[in-house]
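Open the model in your viewer and keep the sequence panel beside it. This tour says what to select at each stop and what you will find there.

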Amino acid sequence: MSHALRHPLPAEGIPGRRPSAPTPASRWRGLAGVLSLLLTACALFAPRLADAGDLSRDDIARRFQPPLHVGDKLRDIPAWPITSELEPEAGPVAYAFESIDLAPIPGFEGTPYNLLVSIDRKGNFLGVELLRQHEPVFLSGLGEGPLKDFLRQYEGKSLKQEITVSSLYGNTRSGAGARRVVLDGVSKATASVRIANQTVLTAALAVARARLGFAAPVDKGPTAEARADLYEARSFAQLVDDGAIGRLHLRNADVEKLFAGTDAAGLDADALARPDDTFTDLYVAYLNAPTIGRALLGDAGHADLMRRLEPGQHAWWVATAGRDAFIDDQFTRGTVPVRLAFSQAGGPVELRDLDLSPKPPAGAPPLNAALVLRVPPMSGVDPASPVRFELTLNRSKGSILPQTFQKTVALDYQPPERLFVRPPRPLPEWLVAWKDRAAELIVIGLALAGLTVVLARPRWMSISAPRLRVFRLGFLAFTLIYLGWYAQGQLSIVQITGAVKSLVAGQGLKSFLYDPVSLLLIAFTAVSFVVWGRGTFCGWLCPFGALQEFAALLARALRLPALRMPARLGLVLERSRYAVLAALVLAAAFAPRLAEQGVEIEPFKTAITVGFNRDGPYVAWAVALLIAGGLYYKFFCRYLCPLGAAMTLGGRLRLLDWLPRRAECGQPCQTCRHRCTYDAIEKSGAIRYDRCFQCLDCVGIYHDPGRCAPVMLVRKKAGR
């Protein structure tokens with residue numbers, strides 16, 4: 001509703017036109033505009049798999065010269081086994097594999113890295129080589145040199161260590177122990193190197209679990225460790241009673257029942273004659289815990305065991321009593337007991353004899369066999385979680401060509417939780433990034449909160465032109481220097497094309513989590529679309545936009561002319577942004593390499609990400625746009641920026657016409673229109689929100705009785 005100025009009232013008392021909400025139909029049209037390009041590129045195509053590996057067996061062989069020999073790529077996991085001619089019977093001494101075959105994690109730009117990773121049979125990294133990458137900051141910004149330097153840090157590191165990445169914004173070295181390794185990150189590329197680290201570790205662990213005996217991680221979190229400082233003197237019977245020693249008791253009748261219904265039933269005459277006698281008593285116990293290990297091996301025996309075990313290695317005591325022993329006279333020390341199987345969470349793990357000869361512990365029943373068995377180092381077995389021992393029982397029928405029958409019995413074992421300490425669960429790599437940058441996120445969050453207050457209640461700030469100027473220039477300086485150059489918070493068209501690539505490849509948008517500053521700005525901008533429209537980001541939070549405003553101030557100080565684009569030409573150029581946006585989105589879906597080149601229309605990487613430290617043509621393009629912005633206000637933002645086009649589409653979601661207007665605005669007053677450097681006010685006085693950068697100048701004029709012509713006219717007529 002509009003009101004004519006009929007009475008001499010103070011400026012704040014003069015009613016203006018009530019903001020009106022866009023119709024539901026226009027609101028949905030705005031939403032359709034935001035999604036249309038993404039739907040065009042993604043919804044019409046089924047997700048495609050990531051690119052296959054780049055290398056052949058010959059390529060790998062050139063990297064691993066004799067006496068090393070590269071075998072054929074494995075069928076169960078895409079890795080090349082590497083053997084040594086000096087140890088032909090030792091099996092593979094290392095494995096080499098391409099990360100894209102095992103961990104096609106989308107990068108910041110939406111395309112996965114491809115890295116050649118090699119590990120030895122103990123899980124140590126031999127090296128990580130860059131094959132290809134599409135990260136914008138490394139393509140033509142910083143160059144690939146810093147990335148290659150980062151990847152060289154993996155050599156000699158072990159998968160048994162927790163490997164994370166430090167950065168300029170936070171150093172995770174504090175509290176790091178021997179099992180933690182912190183790699184030096186790359187300034188201005190924090191998100192990209194964190195994704196690279198996740199790629200390396202995911203691919204390497206996949207091979208280690210398939211070929212090196214590394215077990216799948218236990219749901220409870222990090223592997224528990226036996227408490228070396230806890231010892232409780234307990235008898236054998238007490239350890240059995242509280243579950244510290246697991247026991248499986250089988251009578252003759254129990255075994256006969258297992259073979260019932262088969263041709264092996266009734267073959268054991270002793271079992272039929274004495275059904276209640278013990279067939280076997282199977283005992284198992286975890287030896288690393290002092291309470292158990294010292295009780296079974298003695299103090300000296302337990303100390304000797306712990307000296308023999310490698311870091312992260314676990315040992316169990318396994319023994320049997322009764323008629324049946326779990327090993328026989330044919331058993332070879334140092335090997336795997338053929339009748340005994342060991343697993344955790346459904347994953348089998350090798351148990352091998354440690355070649356110790358433990359004495360029968362005090363209080364134990366008469367034993368017919370006892371061994372100390374250990375798993376490979378860093379097998380991933382969690383000793384505090386349930387494990388399963390499976391014992392195979394054999395019966396034979398016939399004497400010349402005997403027929404063998406087998407049945408399996410299982411003993412589930414879990415030692416008491418009090419004997420262990422469980423390290424805190426390591427944070428996901430993306431959450432580490434958020435933790436490292438907590439200070440920056442707090443500062444930016446406070447700035448966004450302050451901006452929200454000003455935009456929600458703009459009268460006090462805008463009514464004084466000097467006060468508004470100081471606040472706006474100060475906030476733009478913060479946006480350019482802190483948000484842009486320091487915190488690397490420049491949103492870019494690359495995030496849109498990267499999202500398209502990830503969605504088309506069926507990879508999701510998890511890579512966005514590795515850049516918390518950008519994700520915070522994306523979330524805030526998305527909310528601002530609904531409340532205020534596109535101008536919140538473009539007018540206040542775009543670092544290159546801020547740089548353009550300072551370029552315009554410099555141009556005025558140098559007495560360069562402030563030019564205005566002819567209306568028709570300006571409209572054509574303004575609409576051309578949507579063509580650029582559509583071309584880049586479609587290229588991201590159909591021709592990713594072309595999209596990588598096309599996004600260089602943005603000078604953001606040159607001017608903000610790498611601070612003009614780039615090749616000449618890119619710097620020249622960025623400087624040319626700044627000069628154009630000095631002559632034609634916000635030239636790039638208004639006429640070329642594809643991200644600005646996307647923001648304009650998002651601004652269609654705005655719920656209210658929140659900038660106040662009077663009935664006299666445009667009829668006849670043209671004050672605000674002539675002073676609007678963005679050409680965002682029509683001759684009719686209506687605000688063109690698609691063009692508005694929310695500088696708040698018109699809001700200040702509206703509320704200022706010394707600048708608002710209709711108010712001044714009313715006061716003059718009233719004799720004030």
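Begin by selecting residues 438-456, which form helix H12. This is a predicted model. The 19 residues of H12, at 1.5 Å a residue, should span 27 Å, and the C-alpha atoms at its ends are 26 Å apart, which agrees.

Stay on H12 and colour its buried residues: Glu440, Leu441, Ile444, Ala447, Leu448, Leu451, Val454 and Leu455. Turn the view until you look down the helix axis. Seen this way, the buried residues of H12 fall within an arc of 145°, so they line one face of the helix. Now select Ile442, Leu446 and Val453, which are exposed and sit on the face of H12 turned away from its buried side.

What do the buried residues of H12 pack against? Show helix H11 (429-436), helix H13 (459-462), helix H14 (465-486), helix H16 (516-531) and helix H17 (535-541) to see these partners.

**The whole protein**

Zoom out. The secondary structure of the protein comes to 27 helices and 18 strands. Of its 720 residues, 50% are buried. Its accessible surface is about 32,900 Å², and carbon and sulfur atoms account for 58% of that. Take the contacts between residues at least 6 apart in sequence: 72% of them join residues at least 24 apart.

**A buried glutamate**

Next, select Glu256, in helix H8 (residues 252-258). Is Glu256 buried or exposed? Its relative accessible area is 14%, and under 20% counts as buried, so Glu256 is buried. Show Gly266 as well: its backbone nitrogen lies 2.6 Å from a polar atom of the Glu256 side chain. Apart from neighbours within four places in sequence, Glu256 is in contact with Ala265, Gly266, Asp268, Ala271, Leu272 and Arg395.

**Salt bridges**

Asp268, one of those contacts of Glu256, leads to the next stop. Select Asp268, Asp270, Arg274, Asp277 and Arg323 together; they are linked in a network of salt bridges. Side chains of opposite charge can pair when their charged atoms come close. The count for the model is 44 salt bridges, and three single pairs follow.

For one pair, select Glu129 and Arg63, whose side chains meet in a salt bridge at 2.8 Å, N to O. Glu129 lies in strand E5 (residues 125-132) and Arg63 in helix H2 (residues 57-63), so the pair ties together parts that are 66 residues apart in sequence. Glu129 is partly exposed, at 32% relative accessible area, and Arg63 is partly exposed at 35%.

For another, select Arg564 and Asp679, where the salt bridge has an N to O distance of 2.2 Å. Which parts does this pair tie together? Arg564 is in the loop between helix H18 (543-557) and helix H19 (567-590), while Asp679 is in the loop between helix H25 (671-675) and helix H26 (697-703), so the joined parts are 115 residues apart in sequence. Arg564 is partly exposed, with 45% relative accessibility; Asp679 is partly exposed too, with 23%.

End at Asp704 and Arg707, whose side chains meet in a salt bridge of 2.8 Å, N to O. Asp704 counts as buried, at 17% relative accessibility.

Terms used: Residues numbered from 1 in each chain as written. Predicted model: local features only at pLDDT ≥ 70, side-chain atom pairs only at ≥ 80, totals over all residues. Heavy atoms only, no water. Helix = DSSP H or I, 4+ residues; strand = E, 2+ residues; numbered from the N terminus. Buried < 20%, exposed > 50% of the residue type's maximum accessible area, 1.4 Å probe, protein only. Polar contact = N/O pair within 3.5 Å; in protein donor to acceptor, adjacent residues only side chain to side chain. Contact = heavy atoms within 4.5 Å. Salt bridge = Lys/Arg side-chain N within 4 Å of Asp/Glu carboxyl O. Areas by Shrake-Rupley, 256 points an atom, 1.4 Å probe, with all protein chains shown as cover. Expected span 1.5 Å × (residues − 1). Arc of directions from axis to C-beta.
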